[in-house]
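Reader: I'm more at home with gels than with coordinates. Could you walk me through how to read a model like this?

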Amino acid sequence: MSALEFSLILLVSSLAAGLLGALSGLGGGVVIVPLLTVIFHVDIHYAIGASLVSVIATSSGAAAAYVREGFSNIRVGMFLEIATTMGALLGAWLTTRVPTHAIGIIFGLVLLYSAYTALQQHREIITRSPDALALRLRLQGSLPTGPNTHEAYVAQRVPVGFGLMTLAGTLSGLLGIGSGAVKVIAMDQAMRLPFKVSTTTSNFMIGVTAAASAGLYLRSGYLAPALAMPVMLGVLLGSLIGSRLLARVHVRTLKIVFALVIVALGIEMIVNSLRGAL
Amino acid sequence: MNWPTERVPQRPPTAPGQWTDQRIETWVGIMLRTGVLLAAVIVLFGGVLYLAHSHGPRPDYSHFNAEPASLITFSGIMHGAAALDPESIIMLGLLVLIATPVARVGMCIVGFLMERDRLYTWVSTIVLIILLYSLFLHK
């Protein structure tokens, strides 16, 4: 296979990953690493490098659309970014220490878990007691519900959310993914923030979190330019097209299909890692 | 959800022209979009050059050998890009991409300063310090 053919195949596959990632809400980053390692036999270190840069591109590229909606909360995001960036530093350091097959197994488990959460029906949990720590940190806001109506909200259980965000950051740095699923759980389930606030704030946080691992990835030689080029451009283009199409497709069916793909890739990664073939 | 609003201290209403969270986010959104577009254009330019110059088989990524020193340091990448080396140009685009969220945190510091929100000026500064540490010092 020539370099041109290889780049074109990577571009098209990454575009599909970005498109499905945006439509299903799972993010394109989560399938890039299994795609590159399982199908294209790329070493996992190069794969997580290429994945991380596409995650940054997708997060920044989608930001404009989220700003317009006005749901994201910059204070909640900025405060929790202390946790995610510290976690990312730890995670990126771990990639240089943890053996490849262990990274593969953790990755497989994260894939299975993402598929599971994607298929869960979402339950909004509403608590009405104002939390003293959250109020002192101004982790509150109001959600537009109609032309002239707003709903006020205040975060709950800040330490639990902060701890989960540290975990999200560590997984992001270790695996080169956005870990949007864990971020949303930390805000929506642990801190009881409205779902729309959690998903849009999570998108904002993904780029900053990923940037905290990028320096170490660069210095460790994980960023292979000729590999990252088609992957980053493909995922970015795919996710931009996906976010435009979002209103017109049946998301539920798509989510199930994509979740099945993720389950298959997750099992494949775990099996390959156990056999030492990754 | 009907929140008992009298128990939640609300921030004072802001006059038009004053700095608000919404205004910070609008500027941040524009900056992020510009940054990612610029990065994509540079990466694409480097990619076209790379493909125009490469005629051999696909590179083998199946075994990890860290990228050469010229592609893992800021000075190496800058030198290579100035000499129009395709891979260095792609790396320059990736550096612009990585810098975009860092610039976002910098803009938030300025925005919170304008809002006179001391707590969040500090919170954003801590995040910026962690990012700069990871980019320049972390081993």
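Reader: Let's start with chain B. How many helices and strands does chain B have?

Author: Sure, and keep in mind that this is a predicted model. A good habit is to list the elements before anything else. Chain B has 4 helices and 0 strands, and from the N terminus on its elements run α-α-α-α.

Reader: And how much of chain B is buried?

Author: For burial, you look at how crowded each residue is. Of the 139 residues in chain B, 35% are buried. You can also ask how far along the sequence the contacts reach: among those in chain B between residues at least 6 apart, 61% join residues at least 24 apart.

Reader: Now the interface. Which elements of chain A supply residues to the side that touches chain B?

Author: Start with the head count, then go to the elements. In total, 59 residues of chain A are in contact with 59 residues of chain B. The elements of chain A that each supply at least two residues to that side are α1, α3, α4, β2, α9 and α10. The largest share, 10 residues, comes from α3(A). By class, this side of chain A has 39 nonpolar, 14 polar and 6 charged residues.

Reader: Can we zoom in on one residue? Why is A:L15 called buried?

Author: Here you count neighbours against a cut-off. A:L15 is buried because 22 other C-beta atoms lie within 10 Å, and the cut-off is 20 or more. A:L15 lies in helix α1, residues 3-24 of chain A.

Reader: What is A:L15 in contact with, leaving aside its neighbours within four places in sequence?

Author: With those set aside, A:L15 is in contact with A:G234, A:L237 and A:G238.

Notes: Residues are numbered from 1 along each chain as its sequence is written. Chains are lettered from A and ligands numbered from 1 in the order in which they are written. This is a predicted model: local features need pLDDT of at least 70, side-chain atom pairs count only at pLDDT 80 or more; totals for chains, interfaces and linings use all residues. A residue is buried if 20 or more other C-beta atoms lie within 10 Å of its own, exposed if 12 or fewer, and partly exposed in between; C-beta atoms are placed from the backbone. Two residues are in contact if their C-beta atoms, placed from the backbone, lie within 7 Å. Ala, Val, Leu, Ile, Met, Phe, Trp, Tyr, Cys and Pro count as nonpolar, Asp, Glu, Lys and Arg as charged, and the others, Gly among them, as polar.
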